[in-house]
Amino acid sequence: MALTRTPVRRVVDYTVLSVLAFIFALPALYLFLGRLKPSDEVLNGLSGFLPVHLPFDNYAAVLDSLNSESTGYFWQFMGVSVLLSFVVVTGGLIVNSMAAYGLTRLRWRGRDAVFTLVLLLMLIPFESVAVPLFYMFNGQRNTIYIQALPFVANAFAIYQFHTFFKKIPPSIEEAARLDGAGPWRTFFAIIVPMSRPVFASVAILTFLIQWGSFLWPVLMVSDPSVRPLPLEMSVFQGQQPPDWGQILAFGVLLVLPVLVVFAFFQRWFVEGVASSAVKG
């Protein structure tokens with residue numbers, strides 16, 4: 001017999017969840033309010049939440065301070081991050097989905113061993129291989145492609161695609177094969193359109209990781225012309241004396257593209273999450 005919640009229990013549940021949601025949202029709220037405050041008002045404790053006067057001068061100050069050859073240009077840093085994210089996300093969707101399809105549907109010797117290796121790679125944190133990669137690619141420092149190349153292939157993305165592809169009925173591919181479609185046509189004309197939820201999920205997660213990438217740029221980038229936005233924010237924050245209003249405004253500029261990408265993919269992302277919950 002299904003359990004039903006009483007009205008009182010429902011009120012208690014929603015109250016607890018609302019309080020928890022508010023607590024988790026406090027840092028974001030502080031960020032969006034602090035970005036409009038003068039530096040001396042940002043660190044005033046809980047009073048920093050009170051919107052006394054909210055000028056937009058901090059944004060102009062950030063853009064003005066990063067607008068010369070000596071400091072670099074803000075839009076150049078933004079462009080580098082956008083380019084890197086586009087290459088990693090687009091390349092990753094192609095490479096990882098094709099690899100997962102080969103591991104899911106194609107039959108070849110050693111397939112299970114390769115998939116086991118992919119699962120093992122998921123257990124290895126990037127920090128443990130960052131230094132060996134640094135010595136391997138030391139000659140390609142301060143380039144765009146070396147910031148993207150190590151992150152195109154991703155074991156977790158392959159696993160996500162593999163899990164989704166296994167839920168697609170094989171009869172669909174068998175029907176396509178009877179119509180004369182080969183593996184390539186079957187994949188791009190049938191499997192990919194059916195897999196928009198997992199493509200959206202992988203795209204969002206890959207973008208989040210790449211957009212906030214910091215350790216690898218710290219190791220590989222010293223030239224401001226190829227410096228991504230998170231690394232430049234670290235440099236900007238280290239300037240003395242720190243202007244916390246401008247730093248928070250910089251943080252908002254760093255977060256906005258993430259919100260745009262999520263808004264673009266959110267319909268398929270939610271559809272994929274809901275589908276996984278139902279089928280799981």
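The paragraphs below describe two pockets and one residue, valine 202, in a predicted model.

In this model the largest pocket holds about 900 Å³ of space. Its lining is made up of 31 residues, and those closest to the pocket centre are Phe126, Pro150, Phe151, Ala153 and Asn154. Two or more lining residues come from each of helix H4 (74-104), helix H6 (126-136), helix H8 (155-166), helix H11 (196-211) and helix H12 (215-220). By residue class, the lining of the largest pocket comprises 22 nonpolar residues, eight polar ones and one that is charged.

The second largest pocket, with a volume of about 270 Å³, is lined by 14 residues, of which Tyr101, Arg105, Leu106, Glu173 and Arg177 lie closest to its centre. At least two residues of this lining are supplied by each of H4, helix H9 (170-178) and helix H10 (183-194), and H9 gives the most, with four residues. Six residues of the lining of the second largest pocket are charged, while five are nonpolar and three are polar.

Turning to a single position, valine 202 belongs to helix H11. Because its relative accessible area is 1%, which falls under the 20% limit, valine 202 counts as buried. Leaving aside residues up to four places away in sequence, valine 202 is in contact with Leu93, Ala157, Gln160 and Phe161. The C-alpha atom of valine 202 is also separated by 9.1 Å from that of phenylalanine 156, although the two residues are 46 residues apart along the chain.

Technical notes:
Residues are numbered from 1 along each chain as its sequence is written. This is a predicted model: local features need pLDDT of at least 70, side-chain atom pairs count only at pLDDT 80 or more; totals for chains, interfaces and linings use all residues. Side-chain values use heavy atoms; hydrogens and water are left out. On a 1 Å grid over the protein atoms alone, a cavity is a set of points where a 1.4 Å probe fits but cannot get out, and a pocket is an open set with protein on both sides within 12 Å along at least five of seven lines; lining residues have an atom within 4 Å of a point. Grid points are joined across faces, edges and corners, and a volume is the space filled by probe spheres set on the points. Ala, Val, Leu, Ile, Met, Phe, Trp, Tyr, Cys and Pro count as nonpolar, Asp, Glu, Lys and Arg as charged, and the others, Gly among them, as polar. Buried means under 20% relative accessible area, exposed over 50%, partly exposed in between (1.4 Å probe, protein chains only). Contact means heavy atoms within 4.5 Å.
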